[in-house]
Amino acid sequence: MRPPSRWQRLRDVILSTDPRRRTLVGMALLALLLMAASAGVMLLVAHASAALNATAVHWWAALSVGGLAVMTAFIRSGATLALRDPSLTLPQMAWTITSGAVAYVLAGEARGLVPSVLAMILFFGTFGLTVAEVIGIGIYALVAFGCAIGVSSRLSANASGYLDTAYALMVVIVLGGCVALNLRIHRIRARLQQQREALAQALDINRELATRDELTGLINRRAMLDLMELEHRRSLRSGRPLLLAQLDIDHFKPINDQHGHATGDRALQAFAGTVRAHVRDTDVLARWGGEEFVLMLCETQLDDARELLERVRLAVEALEIPHATGTLRMSVSAGLALHLPGDTVVHTLERADQALYTAKALGRNRWVVAPSGPQHPPRPAAGPSPFNARV
């Protein structure tokens, strides 16, 4: 990595290395630069016109620029980060408006320059203030410049007063126009924010639809494959066991044929809810397709997985789903496979699927554990119990 240049080091010293503070300091320095430029123009006018009090203008310039410099240093120190307004936008605007009102009085015949400075001040806070704050700062500016116009009118040597009236009208026009534009920009920002939120919500819904089964609320096959690959890598690193189970509702097709798809949908929903209620929060259940489901058991010992599948089997067997002509009962068959370090997730799923077929061949409503060694696929055989056959 190349070392930072002298300019980069200087920039880090001035703006800091913290991204948020750099933004705040950068905006404060911009305000300070604009105020310094305005003070420079006033000083130029003071030196060019004998009618202006040069000493008063010098004091005005020092106080105006100095006040913003103090605020900029305060922002650079990081002490404002805990405040609701860490950029000190309101204090900076109030200070510059007050300074502009005083400049209006001091500028004499050159006070026609001040409205442009006022516009710059009001636009500076467009993106940092709320609507209420924009209205409040506009009212403050109206009061401050109203006082300045009154004082200037008393001190003016212009007998007709037309020029003072023209200047006053220009200040009011600039002030009203800036506040109106600020409010318009805030409405546009609010509408854009609503559109962004609506777009984010739509993206969340699309993302949910892409990873969730709409009927059961379980994650779908694609999302489950991604999770299983992730858990496969974690299992390789940690050495902790990972088990996959294939679950299939027994004789599900007759349910749809005899009782209709609406009853079949309720059966799938009841099955998914029952299984989720009898597994741990760390276990993941997915709808694999139709009446087939996959259960991923992370960091689970084989004996614990057997007990869990037996609980699930008994819970599903106890389900009662009412329909038009009576009550529907269901059962589930399952095949369980321990994920081996050298295997792929797909191969482990195939072993679980073979164990599932063995459970069905043994009479259904049972679970079977796939062999963990280089053996042939499990074949139908009687186990020590009709519901927990082991091959």
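Guide: The expected span of a helix is 1.5 Å times one less than its number of residues, and the helices (H or I, at least four residues) and strands (E, at least two) here are DSSP runs numbered from the N terminus. This is a predicted model, in which local features need pLDDT of at least 70 and side-chain atom pairs count only at pLDDT 80 or more, while totals for chains, interfaces and linings use all residues. Residues are numbered from 1 along each chain as its sequence is written, and side-chain values use heavy atoms, with hydrogens and water left out.

Visitor: How do you know what span to expect for helix α10, residues 261-277?

Guide: Helix α10 has 17 residues, for which 24 Å is expected at 1.5 Å a residue, and the distance from its first C-alpha to its last is also given as 24 Å, close to that expectation.

Visitor: Why is F271 called buried?

Guide: Buried means under 20% relative accessible area, exposed over 50% and partly exposed in between, using a 1.4 Å probe and protein chains only. F271 has a relative accessible area of 0%, so it is buried. Other buried residues of α10 include T263, G264 and L268.

Visitor: What makes C147 partly exposed, and what makes C298 buried?

Guide: C147 has a relative accessible area of 47%, which lies between the two limits, so it is partly exposed. C298, with 13%, falls under the lower limit and therefore counts as buried.

Visitor: What makes the Y104 and F145 pair edge-to-face?

Guide: The structure holds two aromatic pairs. In the pair of Y104 and F145, the ring centres are 6.3 Å apart and the planes stand at 75°, so it is edge-to-face. The rule is that rings of Phe, Tyr and Trp (its six-membered ring) pair if their centres lie within 6.5 Å, with planes under 30 degrees apart counted as stacked, over 60 as edge-to-face and the rest as tilted. This pair links helix α4 (residues 89-106), which holds Y104, to helix α6 (residues 131-155), which holds F145, across 41 residues of the chain.

Visitor: Why is the pair of F271 and F293 called tilted?

Guide: The ring centres of F271 and F293 are 4.8 Å apart and their planes make 45°, an angle in neither of the other classes, so the pair is tilted. F271 belongs to helix α10 and F293 to strand β3, 22 residues apart. F293 also counts as buried, because its relative accessibility is 0%.

Visitor: How do you know that strand β1, residues 242-249, is mostly covered?

Guide: Eight of the eight residues of β1 are buried, with L242, L244, Q246 and D248 on one side and L243, A245, L247 and I249 on the other.
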